[in-house]
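You asked for a quick read-through of this one, so here are my notes. Keep the structure open beside them as you go.

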Amino acid sequence: MDVRNVDTQNPVTVNRNYKSSVYIISVGWKSGGLFALYKTVMSYLIFAYNKGYIPVIDMKHFENQYFKDGRKFQDNVWEYFFEQPCNISLDNIPSDVNVVMSNDEDIEDNQINEYSCLTDVDNSRKLYDKYFNLTKFNQETQKFLDENYKRFTNSETEILGVLCRGTDYVNCRPAGHAIQPEINLVIEKAKELLKKYNYKKIWLATEDLRIYSIFKNEFGSMLIDNPQYKFSDTSAKRIYQINVERENHAYNLAKEYLLSIYILSKCKYFIGGITAGTLGAWFLSEGFKNQTYTYLWDLGVYKNTISYFKFLKKIFSVNDRIFNGNKYKILTILGIKFKIKKM
């Protein structure tokens, strides 16, 4: 395969006079939700676009919470849901091309942040619009989303979409992330909009069973049943640390969450807190331009109490990485990274 012959409909610019470098986008961390991972991939894609690289997304060799049972470091989780940007996978990279590995520093200047995007929607959409063609759902996922959108909404158009994060997000108050609204404020806004727009149904995207139950008590049959898995009590644990006894729970959790956000993006009215999920709805809705009404709670961000430790990590850290079946240690000393192959 000659990577010069990539899909010409793809916006990645390729110099046709030489074989462009393949850029491996390695993304993964255990606590990252699907759209947190997605927005990081998008940041790397912007870097690749500007460099004229051919991007290939690797969510196989790095930690993430969504592997199917027994498939850790065997499947590329990105390909569970999305196409590769240039139809080149890890398995068919030509042997005679230069391969460049992504680095944290590549995206320091263009890391997509949900808070800045969603508080400056129009300018952010103009900035990122040309990159969205790089992140298409695969055929299986698109079929799943379209069929279930029709099934759950039953062709109803007058739907209020609501996003309410709870559980570990609210309990852990992650530094730099947007503060979430209290549930009573969201209920109050939903009732206000019911009087103004007389919407017929509510689609609530939440992983928190308590929040879902409160909405059900308030709105009854107006609330569309959402199959997204909901947690009753996470205490001090993060969601990825909670063991749930069902087949392929982690993968299904991601699939249900994706459907929840997809339907949310198509609702005529939309309210919610600022989260990576809200950013996902913004991506999928073409920037909320199809919504009649949108309201996001801009309450600032949780304070950063660990900046000192993050600074130290940039100076010195040791991390394990896996690539092409080989284990490496990435050693950072005084900001310089060293790659050491483990025996």
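1. Let's start with how the chain folds back on itself. Counting contacts between residues at least 6 apart in sequence, 68% join residues at least 24 apart. Bear in mind throughout that you are looking at a predicted model.

2. Now the overall make-up. The chain has eleven helices and ten strands. Of its 343 residues, 50% are buried. The accessible surface comes to about 17400 Å², and carbon and sulfur atoms account for 48% of that.

3. One sheet to find is open and four-stranded, with parallel pairing and the order β5-β4-β6-β7. At its edges sit β5 (201–205) and β7 (293–297), each of which pairs on one side only. From one strand to the next, the twist averages 10°. Inside this sheet, β4 (residues 159–163) pairs with β5 in the parallel sense over five bridges. To see the register, look for Leu160, which stands opposite Ile202 in β5.

4. What packs on that sheet, touching β4 and β5? Helix α8 (residues 209–219) does, and its direction makes about 170° with that of β5.

5. There is also an open sheet of three strands, again with parallel pairing, in the order β2-β1-β3. Its edge strands are β2 (54–58) and β3 (99–101), each pairing on one side only. Direction ignored, neighbouring strands here are turned by 25° against each other on average. Strand β1 (residues 22–26) pairs with β3 over three bridges, in the parallel sense, and Val22 stands opposite Val99 in β3. Lying across β1 and β2 is α1, which runs at about 160° to β1. As a reminder on what holds such strands side by side, strands of a sheet pair through backbone hydrogen bonds, either parallel or antiparallel.

6. The aromatic side chains deserve a longer look. The count comes to 28 aromatic pairs. Take Phe35 and Tyr257: the ring centres are 5.7 Å apart and the planes stand at 75°, so this pair is edge-to-face. Phe35 belongs to helix α1 (residues 34–51) and Tyr257 to helix α9 (residues 249–265), so the pair ties together parts that lie 222 residues apart in sequence. Are these two residues buried or exposed? Phe35 is buried because its relative accessibility is 3%, and Tyr257, with a relative accessible area of 18%, is buried as well; the cut-off is under 20%.

7. A second link into α9 comes from Tyr80 and Tyr251, an edge-to-face pair with 5.2 Å centre to centre and 75° between the planes. Tyr80 is in helix α2 (residues 78–81) and Tyr251 in helix α9, so the pair links parts of the chain 171 residues apart. Both Tyr80 and Tyr251 are buried.

8. Try picking out a whole aromatic cluster next. One is formed by Phe35, Tyr38, Trp78, Phe82, Phe132, Phe137, Tyr257, Tyr262, Trp282 and Phe283. Phe35 and Tyr257 from point 6 are among its members.

9. On cysteines: how many disulfides does the structure hold? The number is zero. Two cysteines worth locating are Cys86, buried at 4% relative accessibility, and Cys117, buried with a relative accessible area of 1%.

10. A couple of backbone angles are worth checking. Most residues other than glycine have a negative phi, and most peptide bonds are trans. Asn248 has a positive phi, near 50°. You'll find Asn248 in the loop between α8 and α9, where Asn248 is buried, with a relative accessible area of 17%. Glu286 also has a positive phi, near 60°. Glu286 sits in the loop between α10 (276–284) and β7, and at 42% relative accessibility Glu286 counts as partly exposed.

11. Last, stay in the loop between α10 and β7 and look at Lys289. Lys289 is exposed, with a relative accessible area of 60%. Its C-alpha atom is separated by 9.8 Å from that of Val121, although Lys289 and Val121 are 168 residues apart along the chain.

Key
Residues are numbered from 1 along each chain as its sequence is written. This is a predicted model: local features need pLDDT of at least 70, side-chain atom pairs count only at pLDDT 80 or more; totals for chains, interfaces and linings use all residues. Side-chain values use heavy atoms; hydrogens and water are left out. Helices (H or I, at least four residues) and strands (E, at least two) are DSSP runs, numbered from the N terminus. Buried means under 20% relative accessible area, exposed over 50%, partly exposed in between (1.4 Å probe, protein chains only). Contact means heavy atoms within 4.5 Å. Accessible areas come from the Shrake-Rupley method with a 1.4 Å probe; for residues, only the protein chains shown count as cover. A disulfide is a pair of cysteine sulfur atoms within 2.5 Å. Two strands pair if DSSP finds at least two bridges between them. Axes are lines fitted to C-alpha atoms, for helices over the stretch in contact, and angles run from 0 to 180 degrees between N-to-C directions. Rings of Phe, Tyr and Trp (its six-membered ring) pair if their centres lie within 6.5 Å; planes under 30 degrees apart count as stacked, over 60 as edge-to-face and the rest as tilted.
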